[in-house]
Amino acid sequence: MVLNEAALGAARRSLDQGAVTPSYGPWREDIIKLLNDSLATELVCVLRYKRHHFTADGLASSAIAAEFLVHATEESSHADRLAQRIVQLGGEPDFSPDSLTKRSHAAYDDSKELKEMIKANLVAERVAIEAYSQMIAMIGDKDSTTRRLLEDILSDEQEHAEELKDWLAV
């Protein structure tokens with residue numbers, strides 16, 4: 001096994017590219033697009049959870065509404081981490097409100113009934129789990145830092161889905 005000396009030389013010279021070295025190959029732009037679509041998904045999830053937090057009504061609503069706010073905060077953190085990674089890869093995070101719902105994997109929801117809110121959030125979490133799982137498989141060893149970030153976010157989304165599933169059973 002021998003290191004690619006030409007790539008090492010390019011890494012020495014291209015200081016303006018920060019962490020982006022020749023090993024990123026032709027996938028960097030594709031990864032940035034995937035991350036921007038995930039950013040849109042996380043932002044739509046923040047908006048959905050916030051709406052549900054403020055509009056939840058009913059006997060068990062106060063405890064569940066509080067958890068909706070926790071989930072919104074965690075989704076916001078995911079969005080921040082995705083935006084940071086996009087910048088590290090030399091891209092620009094797309095926060096455009098005009099295209100958020102078009103790029104999001106998950107839907108916004110304005111349900112009025114608590115059970116419907118829980119169900120809509122569970123559907124969105126399951127969609128996010130599937131999207132992140134597919135992205136992790138696609139990225140594989142092409143970008144280990146992004147893969148680890150997505151794996152970390154995926155773990156949170158799985159936890160959210162389990163909580164929501166339990167709430168539906170109540």
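Reader: Let's start with aspartate 166: what relative accessibility does it have, and how does it count?
Author: This is a predicted model, so keep that in mind throughout. Buried would need under 20% and exposed over 50%. Aspartate 166 comes out at 46%, and therefore counts as partly exposed.

Reader: Which residues are linked with it in a network of salt bridges?
Author: Start with one contact: the side chains of lysine 165 and aspartate 166 meet at 4.0 Å, N to O. Lysine 165 is partly exposed too, at 42%. The network of salt bridges takes in Asp166 along with Lys165 and Glu162.

Reader: And how many salt bridges are there by this rule?
Author: Side chains of opposite charge can pair when their charged atoms come close. Arginine 28 and glutamate 29 make one such bridge, with the closest N and O atoms 3.1 Å apart. By this rule the count is eight.

Reader: Lysine 33 has a salt bridge as well; how far apart are the closest N and O atoms?
Author: The partner is aspartate 37, and the two residues both lie in helix H2, four residues apart, or about one turn of the helix. Aspartate 37 has a relative accessible area of 13%, so it falls under the 20% cut-off and is buried. For the bridge between lysine 33 and aspartate 37, the N to O distance is 2.7 Å.

Reader: On to the largest nonpolar core: which helix gives it the largest share?
Author: The core has 36 residues, and those with the most contacts inside it are Leu35, Phe68, Tyr132 and Leu150. Helices H2, H3, H5 and H6 each give two or more residues to this core. The largest share, 10 residues, comes from H5.

Reader: Tyrosine 49 and phenylalanine 68 form a ring pair; is it stacked, edge-to-face or tilted?
Author: By the rule used here, there are two aromatic pairs. In this one the ring centres lie 5.9 Å apart and the planes sit at 45 degrees, so the pair is tilted.

Reader: What relative accessible area does phenylalanine 68 have?
Author: Phenylalanine 68 touches residues including Tyr49, Leu114, Ile118 and Trp167. Phenylalanine 68 is buried, and its relative accessible area is 0%.

Reader: Then which residues do ring pairs link into a cluster?
Author: Phenylalanine 68 also pairs edge-to-face with tryptophan 167, at 6.0 Å centre to centre and 70 degrees between the planes. That pair links helix H3 to helix H6, with the two residues 99 apart in the chain. Tryptophan 167 has 18% relative accessibility, so it counts as buried. The ring pairs make a cluster of Tyr49, Phe68 and Trp167.

Definitions and conventions
Residues numbered from 1 in each chain as written. Predicted model: local features only at pLDDT ≥ 70, side-chain atom pairs only at ≥ 80, totals over all residues. Heavy atoms only, no water. Core = buried A, V, L, I, M, F, W, Y, C linked by side-chain atoms within 4.5 Å. Buried < 20%, exposed > 50% of the residue type's maximum accessible area, 1.4 Å probe, protein only. Contact = heavy atoms within 4.5 Å. Phe/Tyr/Trp six-rings, centres within 6.5 Å; stacked < 30°, edge-to-face > 60°. Lists of a residue's contacts leave out its neighbours within four places in sequence.
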